[in-house]
Amino acid sequence: MEATELNERDLRSLRVFCAAARASGFAAAERALSMSKASISRHINDVEARLGLKLCERGPGGFQLTEGGKVALRVSLQALEALDRIKPEVDAVRGVLSGPLVLGMSEHVMTHSGCRIPKALCELQRIAPLVRPTLSVMTFSDLGAALVERRVQIAIRGNYQRMNAFRHYRLFVETHRVFYCPATAGEIRSNHTRPLPLIYRPHPFVEDALATHGFLQGPEVSGLEAVAMMVATGQYVGLLPEHYAAQLAPRYEFVALAGSPVYSLPFCAIVEEARPLTRSVETFLKLLVEAHG
């Protein structure tokens, strides 16, 4: 392909490419963009022709970015984000907050008694009705990737270790314990349940429990509900937040395993240190911290 310079008319095609890449395919992008697969493909072909580089593989094997596509996605998102900041920044000069507020959050946060996120969102809408909040619930690993890739402006999740590239605003503390279900575990007493395998999901606390506390590794699942479902069989133990296990009672009798590790996890609002914050993001962070103070 022979590359040519990008111009203002290519912005639409770049947005379509970014949407398809973030959706990991045309089918999901169709719904997000209200656009046919043929139109999406045409826009991406135009961008590839302009850049002189194949950006993605698409076909029976699925959608996958090339190495050049990954670079193009990163810089395109940065450029489009800068464009999207113009109107909100100009509005801010007039004392008006506007623009998107893109939040990502861990699952089942709302069941924690210390969670005041709805209160902060409500106050934001009261004082800044032109701000457009969107909220996605993601797994721990997906949320971390979304923050690094700038698909979210604020990530609300557990803070396992402080990273210099990010700024952390502490909100509340979540406690995790290893639970079992005696009602379905038969006559096995709590101090004899250690041989039951620990349900595995990619998570720092699960890794620590397996590495340092002598648990056998059980089947791998994704998400807290899947962990709880397997624990409810009585055949496994699982690491769950206390508030989430309590939410499942009285239907399921989850009991903390005697002598098992207890993990305290500060929940934080996390933003990238080097990423300029919009006035809307700054305002919401302030409201979020005040609500949890």
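User: Hi! How far is the sulfur of cysteine 115 from the closest cysteine sulfur?

Analyst: Hello! Keep in mind that this is a predicted model. In it, the sulfur of cysteine 115 lies 13 Å from the sulfur of cysteine 268, its closest cysteine sulfur, and that is too far for a bond.

User: Then how many disulfides does a search of the whole structure find?

Analyst: The search finds 0 disulfides. A disulfide needs two cysteine sulfur atoms within 2.5 Å. From the side of cysteine 268, the closest cysteine sulfur is that of cysteine 115, again 13 Å away.

User: Is cysteine 268 buried or exposed? And what about cysteine 115, buried or exposed?

Analyst: Cysteine 268 counts as buried, at 2% relative accessibility. Cysteine 115 is buried as well, with a relative accessible area of 12%.

User: Thanks. Switching to pockets: how much space lies in the largest pocket?

Analyst: About 710 Å³. Its lining has 27 residues, and those nearest the centre are Arg15, Arg22, Leu77, Asp84 and Val102.

User: Which elements supply at least two residues each to that lining of the largest pocket?

Analyst: Three helices and two strands do: α1 (11–23), α2 (26–33) and α4 (67–93), along with β3 (98–106) and β4 (130–138). By class, the largest pocket's lining holds 11 nonpolar, 6 polar and 10 charged residues.

User: And which residues lie nearest the centre of the second largest pocket?

Analyst: Lys70, Leu73, Arg74, Leu77 and Glu149, out of 17 lining residues. The space in the second largest pocket is about 390 Å³.

User: Where does the largest share of that second lining come from?

Analyst: From α4, which gives 6 residues to the second largest pocket. α1 and β2 (64–65) each supply at least two as well. The lining of this pocket has 7 nonpolar, 3 polar and 7 charged residues.

User: OK, now cavities. How many are there of 30 Å³ or more?

Analyst: The count comes to 2 cavities. The largest cavity has a volume of about 130 Å³. Of its 15 lining residues, Ser106, Tyr160, Arg201, His203 and Phe267 are nearest the centre. Two or more lining residues come from each of β6 (166–180) and β11 (262–272).

User: How do the lining residues of the largest cavity divide by class?

Analyst: They divide into 7 nonpolar, 5 polar and 3 charged.

User: Last one: which residues line the second largest cavity?

Analyst: Glu81, Arg85, Gln153, Arg275, Pro276, Leu277, Thr278 and Val281. About 40 Å³ of space lies in this second largest cavity, and its lining has 3 nonpolar, 2 polar and 3 charged residues.

Note on methods: Residues numbered from 1 in each chain as written. Predicted model: local features only at pLDDT ≥ 70, side-chain atom pairs only at ≥ 80, totals over all residues. Heavy atoms only, no water. 1 Å grid on protein atoms, 1.4 Å probe; cavity = no way out; pocket = protein on both sides within 12 Å on 5 of 7 lines; lining within 4 Å. Points joined across faces, edges and corners; volume = space filled by probe spheres on them. Helix = DSSP H or I, 4+ residues; strand = E, 2+ residues; numbered from the N terminus. Nonpolar A, V, L, I, M, F, W, Y, C, P; charged D, E, K, R; others polar. Buried < 20%, exposed > 50% of the residue type's maximum accessible area, 1.4 Å probe, protein only.
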